[in-house]
Amino acid sequence: MDALLLHGLGGGPADMDSLAQGLATLGVACHAPCLPGHGAGWEDFVHSHWSQWSAAAHEAYAALVGQSPEPPLLAGKDRESIIRDFDI
């Protein structure tokens, strides 16, 4: 089984390490992409937009679909999580 772990606003993939480690003990392959504008400094962040983050998250999810018999798990870390934008 695969899981897509999405970090929160202004965060990065490392924010999902604890969850990824816990899921890995259960045999779940975790994928935590860095969303556009995150992880490279404030200037990149302020020039990024929600639509870019959403598109990147959907692309990452689509890449996982079909890699295992079960649909990918989806988890996020943010009060205004990008997960609400998924229709699954």
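**Exercise 1. Find what share of the chain's contacts with a separation of 6 or more comes from residues 24 or more positions apart.**

Solution. Start with the contacts in the chain that have a separation of 6 or more; residues 24 or more positions apart account for 68% of them. Keep in mind as you work that this is a predicted model. Next, turn to burial: 33% of the 88 residues count as buried. Finish with the surface, where the accessible area of the chain comes to about 5,300 Å². Carbon and sulfur atoms hold 56% of that area.

**Exercise 2. Write down the pattern of helices and strands along the sequence, then work out the order of the strands in the sheet.**

Solution. Begin by counting elements: the chain has three helices and three strands. Following the sequence, you should read β-α-β-α-α-β. Now move to the sheet, which is open and has its three strands in the order 2-1-3, with parallel pairing. Strand 2 and strand 3 (73–76) are the edge strands, each pairing on one side only. On average, neighbouring strands of this sheet are turned by 25° against each other, direction ignored.

Then take one pair in detail. Strand 1 (residues 2–6) pairs with strand 2 in the parallel sense, over three bridges. To place yourself in the model, look for Asp-2, which stands opposite Ala-29 in strand 2.

**Exercise 3. Determine which strands helix 1 and helix 3 touch, and what angle each helix makes with strand 1.**

Solution. The sheet is again the place to start, with its strand order 2-1-3; strand 1 and strand 2 pair there over three bridges. Helix 1 (residues 17–24) packs on this sheet and touches strand 1, strand 2 and strand 3. The direction of helix 1 makes about 170° with that of strand 1. Helix 3 (residues 50–64) likewise packs on the sheet, touching strand 1, strand 2 and strand 3. For helix 3, the angle with the direction of strand 1 is about 170°.

**Exercise 4. Locate His-38, decide whether His-38 is buried or exposed, and list what His-38 touches.**

Solution. First, the location: His-38 sits in the loop that runs between strand 2 (29–31) and helix 2 (42–46). Second, burial: the relative accessibility of His-38 is 7%, so this residue counts as buried, the cut-off being under 20%. Third, polar partners: a polar atom of the His-38 side chain lies 3.0 Å from the backbone oxygen of Pro-36. Last, leave out residues up to four places away in sequence, and the residues touched by His-38 are His-7, Gly-8, Leu-9, Gly-10, Gly-11, Phe-45 and Trp-53.

Terms used. Residues are numbered from 1 along each chain as its sequence is written. This is a predicted model: local features need pLDDT of at least 70, side-chain atom pairs count only at pLDDT 80 or more; totals for chains, interfaces and linings use all residues. Side-chain values use heavy atoms; hydrogens and water are left out. Helices (H or I, at least four residues) and strands (E, at least two) are DSSP runs, numbered from the N terminus. Buried means under 20% relative accessible area, exposed over 50%, partly exposed in between (1.4 Å probe, protein chains only). A polar contact is a pair of N or O atoms within 3.5 Å; within protein, one must be able to donate a hydrogen and the other to accept it, and residues adjacent in sequence count only if both atoms are side-chain atoms. Contact means heavy atoms within 4.5 Å. Two strands pair if DSSP finds at least two bridges between them. Axes are lines fitted to C-alpha atoms, for helices over the stretch in contact, and angles run from 0 to 180 degrees between N-to-C directions. Accessible areas come from the Shrake-Rupley method with a 1.4 Å probe; for residues, only the protein chains shown count as cover.
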